[in-house]
Amino acid sequence: MWIKALDLVLERLKIDGIDYSTVVSISGSGQQHGSVYWKRGAIHTLKSLNANNFLHNQLSQCFSCRDSPVWMDSSTTQQ
């Protein structure tokens, strides 16, 4: 979800004709604090990213959790 949202922003900027050489940084914010967990070996994918492809497609197998937990996650309530 986080990566796909970034892809959408970057694609919209591209459609609007932004000159990416003038972009210094991109900031985002939200109402929830979320955690993203990388799988072992994800570094190999990160080192071989292709700028012509969407990040969310390239990184789809790099996360250990499909849905990232937020600060008020209750998935461990039973424990």
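**Figure 1. Contacts between residues distant in sequence in the predicted model**. Among contacts in the chain with a separation of 6 or more, 66% join residues 24 or more positions apart. Contact here denotes heavy atoms within 4.5 Å. The coordinates belong to a predicted model.

**Figure 2. The helices of the chain**. The secondary structure consists of 3 helices, with 0 strands. Along the sequence, these elements give the pattern α-α-α.

**Figure 3. Helix H1 and the residue Gly17**. Helix H1 covers residues 2–15, a run of 14 residues. What span should helix H1 have at 1.5 Å a residue? The expected value is 20 Å, and because the end C-alpha atoms of H1 lie 20 Å apart, the two agree. Just after H1, Gly17 adopts a positive phi of about 85°.

**Figure 4. Overall dimensions of the chain**. The chain has a radius of gyration of 15 Å, whereas a compact globule of 79 residues would have one near 12 Å. Taken along the principal axes, the box filled by the C-alpha atoms is roughly 50 × 30 × 20 Å.

**Figure 5. Burial and accessible surface**. Buried residues make up 9% of the 79 residues of the chain, where burial requires under 20% relative accessible area. The chain exposes about 7000 Å², and 53% of that area is supplied by carbon and sulfur atoms.

**Figure 6. Charged side chains**. The chain carries 7 positive and 6 negative side chains. How far apart do the centres of the two sets lie? The separation between the positive and negative centres is 10 Å.

Terms used
Residues are numbered from 1 along each chain as its sequence is written. This is a predicted model: local features need pLDDT of at least 70, side-chain atom pairs count only at pLDDT 80 or more; totals for chains, interfaces and linings use all residues. Side-chain values use heavy atoms; hydrogens and water are left out. Helices (H or I, at least four residues) and strands (E, at least two) are DSSP runs, numbered from the N terminus. The radius of gyration is taken over C-alpha atoms; the globule rule is 2.2 Å times the number of residues to the power 0.38. Buried means under 20% relative accessible area, exposed over 50%, partly exposed in between (1.4 Å probe, protein chains only). Accessible areas come from the Shrake-Rupley method with a 1.4 Å probe; for residues, only the protein chains shown count as cover. Lys and Arg count as positive and Asp and Glu as negative; His and the chain ends are not counted. The place of a charge is taken as NZ of Lys, CZ of Arg, CG of Asp or CD of Glu. The expected span of a helix is 1.5 Å times one less than its number of residues.
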